[in-house]
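Welcome! Let us walk through this protein together, starting with one group of strands and helices and then widening the view.

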Amino acid sequence: MEPSDTRPQSPAAAPLPVLLVVYGRGSATPRGILGAARRLCTVVFLGDLGDPKAAADLAGLPKSATVVDTAGLTEEQLVERAAGFGASGVITFSDHLLRSAAAVAERCGLPFHDRATVEVLVDKFQQRAALAAAGVQSTVCRTVRSAADLAPALAATGLPAVLKPRSGAGSVDTCLVRSSDELADRYAEFTTDATTPAVFVLEEYLVSDPTVVGEFWGDYVSIESAVKDGEIHTVAVTGKLPLAHPFRETGYFTPALLPDGLAEQVVALERSALRALGIREGVTHTEIKFTPDGPRLIEVNGRLGGHVSDVLKRSAGTDLLLLALRLALGDFTPPAPVLALGAACPAVAFQYFLSPPADGLAPGGGELIDDLQAVPGVDLVDARIDPTWRADWRAGTEWLIGTVYGSAAGHAELRTTVEGIHRRMDTFWS
């Protein structure tokens with residue numbers, strides 16, 4: 001008989017916690033989420049496979065990934081299905097799914113925005129009203145449910161004004177109007193499609209002050225924060241490139257280029273807004289514009305900002321996507337904030353969005369990728385050129401042909417790189 005093995009056995013590895021991801025196309029991809037979650041947690045994707053975009057994204061996952069089809073489920077069915085996983089956290093990266101994620105969190109007893117907070121995050125009219133009631137900022141905003149509402153709304157906001165869906169994201173169906181006729185025409189255009197949200201808002205236009213950071217740069221920034229038990233931890237202030245017509249974003253860079261003291265001002269405004277909206281958990285993305293009256297809030301988003309995690313990771317080594325997952329799981333250590341160029345941020349990282357003009361031009365010159373790759377400071381060009389493609393400005397930031405990734409030693413070098421990209425893009429669209 002062989003002697004028994006009396007050596008001590010290594011304990012079995014503890015199972016990883018389960019994180020529920022209520023998935024729809026937004027600020028993080030399924031593969032990006034899985035990459036950040038590696039050795040941290042087991043991800044369960046709750047996704048509507050009846051949504052072609054979500055289905056396409058989730059179809060590209062490894063066979064080992066867990067995907068639960070939520071198509072056709074009622075909220076009650078969704079939360080009961082979610083509760084069966086014994087999850088330690090829940091998160092979403094889509095504005096349109098914040099309500100579903102809040103319902104799951106409530107049923108499973110997990111930290112997330114509560115339902116009341118979600119309502120002011122996804123409803124632009126309610127958000128403006130809540131900020132005004134708290135004394136943070138008064139911005140004239142009126143709901144538009146039919147053409148009959150246009151004239152009284154315009155009388156309140158004055159001209160120019162901004163027309164946008166009451167619940168929307170990515171600058172879809174968003175435009176500046178400079179006359180009552182233009183407002184009527186745009187509203188009619190936006191509401192002819194039955195899939196377009198029926199309710200819009202008309203807001204006063206926040207006039208820009210381009211002298212704050214200089215006309216070459218965007219006249220607004222975003223603040224990325226992590227909130228745990230109501231305590232706000234500023235992660236970064238992200239700089240922007242100027243908007244393309246009408247309100248399409250064209251690029252981000254970190255850290256932002258701001259005069260002395262301005263970062264502290266925008267962070268103070270952002271924190272007042274988060275408290276006014278009742279945000280107690282999660283990563284937030286808040287946009288603030290520079291105006292003659294000082295910094296003013298554009299909007300607060302209750303999820304990770306699109307594209308921000310990449311530039312922050314490359315500039316400062318801070319993985320905002322990983323931070324968001326850890327925060328959802330209750331495993332959170334605040335990172336050092338990135339407010340200005342310094343020892344903690346040795347480079348300026350950027351993304352430049354290949355945003356088409358709004359006049360419907362088709363792209364020309366298939367050599368664009370090689371041309372852009374030759375610009376000093378450009379590391380990668382991710383683009384798909386289709387000669388039959390046509391632009392649709394109504395699609396907002398969703399309608400891009402690609403993204404340029406790169407870095408620079410400082411903001412002066414970044415400007416040189418961006419100018420080089422501009423010259424090649426002008427040729428491309430000519």
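Helix α2, residues 52–59, lies across β1, β2 and β3, and its direction runs at about 140 degrees to β1. Keep in mind as you look that this is a predicted model.

The strands under discussion belong to an open sheet of four, in the order β3-β2-β1-β4, with parallel pairing. At the edges stand β3 (66–69) and β4 (89–92); each has a single partner strand, so one side of each is left without a neighbour in the sheet. From one strand to the next, the twist averages 25 degrees. Look next at β1 (residues 18–23) and β2 (residues 42–47): these parallel strands are joined by six bridges. You can find V18 opposite T42 in β2. Helix α1, residues 30–37, also packs on the sheet, where it touches β1 and β2. The direction of α1 makes about 160 degrees with that of β2.

Now let us step back to the whole protein. It has 13 helices and 16 strands, and 49% of its 430 residues are buried. Among contacts with a separation of 6 or more, 67% are between residues 24 or more positions apart. The accessible surface comes to about 19300 Å², and carbon and sulfur atoms account for 52% of it.

What about the interior? The largest nonpolar core has 68 residues. Those with the most contacts inside this core are L20, V90, L258, Y352, L354, V404 and I421. Helix α9 (residues 262–276) gives the core its largest share, seven residues. Apart from this core lies another, of 36 residues, including L58, A226, L320 and L329. To see one residue of the largest core in its surroundings, find L258: leaving out residues up to four places away in sequence, L258 touches V213, V221, V237, A263 and F290.

Our last stop is S222, which sits in strand β9 (residues 220–228). Is S222 buried or exposed? Its relative accessibility is 0%, and because buried means under 20%, S222 counts as buried. The side chain of S222 makes polar contacts with two other side chains: that of E224, at 2.5 Å, and that of K240, at 3.2 Å. Which residues does S222 contact, leaving aside neighbours within four places in sequence? They are A236, V237, T238, K240, H285, T286 and E287. K240 thus appears both in this list and as a polar partner of the S222 side chain.

Technical notes: Residues are numbered from 1 along each chain as its sequence is written. This is a predicted model: local features need pLDDT of at least 70, side-chain atom pairs count only at pLDDT 80 or more; totals for chains, interfaces and linings use all residues. Side-chain values use heavy atoms; hydrogens and water are left out. Helices (H or I, at least four residues) and strands (E, at least two) are DSSP runs, numbered from the N terminus. Buried means under 20% relative accessible area, exposed over 50%, partly exposed in between (1.4 Å probe, protein chains only). A polar contact is a pair of N or O atoms within 3.5 Å; within protein, one must be able to donate a hydrogen and the other to accept it, and residues adjacent in sequence count only if both atoms are side-chain atoms. Contact means heavy atoms within 4.5 Å. Accessible areas come from the Shrake-Rupley method with a 1.4 Å probe; for residues, only the protein chains shown count as cover. A nonpolar core is a set of buried Ala, Val, Leu, Ile, Met, Phe, Trp, Tyr and Cys residues joined through side-chain atoms within 4.5 Å. Two strands pair if DSSP finds at least two bridges between them. Axes are lines fitted to C-alpha atoms, for helices over the stretch in contact, and angles run from 0 to 180 degrees between N-to-C directions.
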